[in-house]
Amino acid sequence: MFHFLLILLIIVGTTFSSLSVSFHHFYSKLRVLQVVVSARYNILMGHMMGDDSTVHHIDNRLDFSYIPAVSIPKGMDVYMNRFQLGSKPHLNTSYAGSIWFLFHNQHYKLTFPVGLAVIGLYQLH
């Protein structure tokens with residue numbers, strides 16, 4: 001019985017090592033969802049503190065005004081159409097704009113629309 005389990009383990013191990021499993025799609029989705037949750041929490045904290053909540057793209061990270069920065073992994077391109085995005089304490093968007101995430105074959109757009117600060121996330125490809 002032990003020999004059978006050992007041979008089965010070797011066969012399964014060589015099968016998995018020969019497969020090229022790519023987690024890039026899952027990784028990019030998780031990173032974008034992390035930014036969405038962080039941006040929404042940042043807006044909530046700005047509302048609770050009674051001050052503007054902003055997002056800046058600096059080097060390889062996104063800096064939020066009330067929570068720790070989110071790092072951008074190598075290979076993911078991030079573009080913003082303004083220097084900063086964010087909202088006022090009464091939840092109206094003071095700095096409307098978009099953030100684009102480009103990672104392999106996946107493209108996402110995170111929007112801060114004009115008016116009420118309801119963040120939208122769109123998959124472009």
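## Terms and overall make-up

A residue is called buried under 20% relative accessible area, exposed over 50%, and partly exposed in between. That scale is used throughout this report on a predicted model.

The protein chain has 125 residues, and 36% of them count as buried. Its accessible surface comes to about 8000 Å². Carbon and sulfur atoms account for 65% of that area.

The secondary structure consists of two helices and nine strands. Along the sequence, the pattern reads α-α-β-β-β-β-β-β-β-β-β. Contacts also reach along the chain. Take those between residues at least 6 apart in sequence: 43% of them join residues at least 24 apart.

## The five-stranded sheet

Five strands make an open sheet. Their order is E3-E2-E1-E5-E6, and the pairing is antiparallel. The edges are strand E3 (70-71) and E6, each of which pairs on one side only.

How do E5 and E6 pair? They run in the antiparallel sense and are joined over two bridges. In one bridge, Gly86 is partnered by Tyr95 of E6.

## Leu91, between E5 and E6

Leu91 sits in the loop between strand E5 (84-87) and strand E6 (93-95). This is the loop that links two paired strands of the sheet. The backbone of Leu91 has a phi near 70°, a positive value in a residue other than glycine.

Is Leu91 buried, exposed or partly exposed? Its relative accessibility is 28%, so Leu91 counts as partly exposed.

## His104, between E7 and E8

A second loop residue also has a positive phi. His104 is not a glycine, yet its phi is about 55°. It lies in the loop between strand E7 (97-103) and strand E8 (106-112).

His104 has a relative accessibility of 48%. The exposed class starts over 50%, so His104 counts as partly exposed.

## A nonpolar patch with Tyr41

Which residues make the nonpolar surface patch? Tyr41, Leu44 and Met48 form it, and the patch covers about 330 Å². Tyr41 belongs to helix H2 (residues 24-49).

Tyr41 has a relative accessible area of 43%. Patch residues need over 30%, so Tyr41 passes that cut-off. On the burial scale, Tyr41 is partly exposed.

Technical notes: Residues numbered from 1 in each chain as written. Predicted model: local features only at pLDDT ≥ 70, side-chain atom pairs only at ≥ 80, totals over all residues. Heavy atoms only, no water. Helix = DSSP H or I, 4+ residues; strand = E, 2+ residues; numbered from the N terminus. Buried < 20%, exposed > 50% of the residue type's maximum accessible area, 1.4 Å probe, protein only. Pairing = 2+ DSSP bridges. Patch = residues over 30% accessible without salt bridge, like charges linked within 9 Å, V, L, I, M, F, W, Y side chains within 5 Å. Areas by Shrake-Rupley, 256 points an atom, 1.4 Å probe, with all protein chains shown as cover. Salt bridge = Lys/Arg side-chain N within 4 Å of Asp/Glu carboxyl O. Contact = heavy atoms within 4.5 Å.
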